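Q: I'm new to this one, so could you show me the structure and let me ask how the labels are decided?

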Amino acid sequence: MSSSSDHPAAGSIPPSSSSPSAPSSPPSVRSFGGGKVGAPAVRILGTGRYTPEKIVTNVDLEKMVDTSDAWIVERTGIRERRVAAPGELTSDMAAAAGRMALEKAGISADELDMIIVGTISGDMPMPACAAFVQQKLGAKTCPSFDLSAACAGFLYGLTIGERFIRAGGVRYVLVIGVELLSRLLNWEDRKTCVLFGDGAGAVVIGPNDGDGRGILSTHIFTDGSLAGSLFIPGGGSKEPVSQEVVDKRRHLVHMEGQDVFKAAVRNLSSASQAALAANGVSGKDVDWVVAHQANLRILQAVSQRVELPMERFFINIHKYGNTSSASIPIALDELLGEGKLKQGQLVLMCALGAGISWGSALIRW
Ligand code: COA
């Protein structure tokens, strides 16, 4: 990936270290940005989503762990989440969302030049979930790969896809965020199991036709010093699968909730501010915020810090919980489906997840 310094539009992007609107970014952090307002090269041509049928409510969870509907709603905004059926695969969900996005874009699978799947819960450790998705879509031999940035996976994928198209030689990219976390959760750990849900969202991106609509900028970041705040310690090469790993539930999600909460508020705010600053706009200019749906309180805090009114945030966390990399494309597809997002409006996206990795995108719809 090219850095902002060798990007043709790099001159339009203030360095994050000197930007007054990104106070919490360490000076060494480089942001990977896009172009100026009015000069986007790539736009979203179609969106899709898939969420499993099975609904698990907070009341259902009360029967499984020591929790309450009232606690979950008050602390997170979540009321229910979807859980994949036995036998349903991550690649099934991803392909369903991808198929819908292709249909809406009017692009056939064999026209795709690339498939990027943001996921940390693929069908198996090897090969990439994207390989199964490609096969299920019938997308022939286009390069297809997974991207591990957890809840920021969709924004990372969007950034990379946009760069490939901008660079030339690649026309249509399918970017999917998909997660089947219900099989990676410890259903006896009330601190994590109440938060997450399963689902998939997808977009097809391609060259814009010079009408000024499209992706105005993307910014992506990682702070590996916080890698231990949200992780699956076992099952990789460090702690290969063993009876002990399984007995100790080290193959499942572990999280330091408060650390992640603070990092999310800080970094979602700074990434949002970076997106606004890079394009010379303010929170007042933003029509919709399609943010990662991790916790309603996180979004309320970001709303205050960035001066983005809460009514501009599209919220569906009450229905799906945190679907990780799927949450932004699911929300975007719902926003469009409800007829709320109009041509020409300004959409801000931001997400943060394990890594910790985070980012933002600003889009002229
Ligand atoms: N039901 C009932 N009580 C619970 C609970 C649950 N599901 N989970 C935790 N608690 C308890 C804790 O044990 C603690 O009890 P104690 O005071 O007796 O020790 C109390 O509630 C407060 O816990 P705390 O962790 O301080 O709550 P919180 O307000 O920080 O909320 C989270 C917890 C997980 C909701 C919050 O930290 C959060 O959302 N963090 C970010 C998580 C996230 O978004 N991760 C994904 C990032 S992509």
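Q: What makes the pair formed by the side chain of Thr 76 and the backbone oxygen of Ile 72 a polar contact?
A: A polar atom of the Thr 76 side chain lies 2.5 Å from the backbone oxygen of Ile 72. A polar contact is a pair of N or O atoms within 3.5 Å (within protein, one must be able to donate a hydrogen and the other to accept it, and residues adjacent in sequence count only if both atoms are side-chain atoms), so this pair fits. Bear in mind that this is a predicted model, where local features need pLDDT of at least 70, side-chain atom pairs count only at pLDDT 80 or more, and totals for chains, interfaces and linings use all residues. Residues are numbered from 1 along each chain as its sequence is written, and side-chain values use heavy atoms, leaving out hydrogens and water.

Q: Why is Thr 76 called buried?
A: Its relative accessibility is 2%. Buried means under 20% relative accessible area, exposed over 50% and partly exposed in between (1.4 Å probe, protein chains only), so Thr 76 counts as buried.

Q: And why is Arg 266 called partly exposed?
A: Arg 266 has a relative accessible area of 29%, and that falls between the two cut-offs, so partly exposed is the label.

Q: How do you know that Gln 258 makes a polar contact with the ligand?
A: A polar atom of the Gln 258 side chain is 2.5 Å from a ligand oxygen. That is within 3.5 Å, so the pair qualifies.

Q: What about Thr 67?
A: An N or O atom in the Thr 67 side chain is 2.6 Å from a nitrogen of the ligand, so this pair is a polar contact too.
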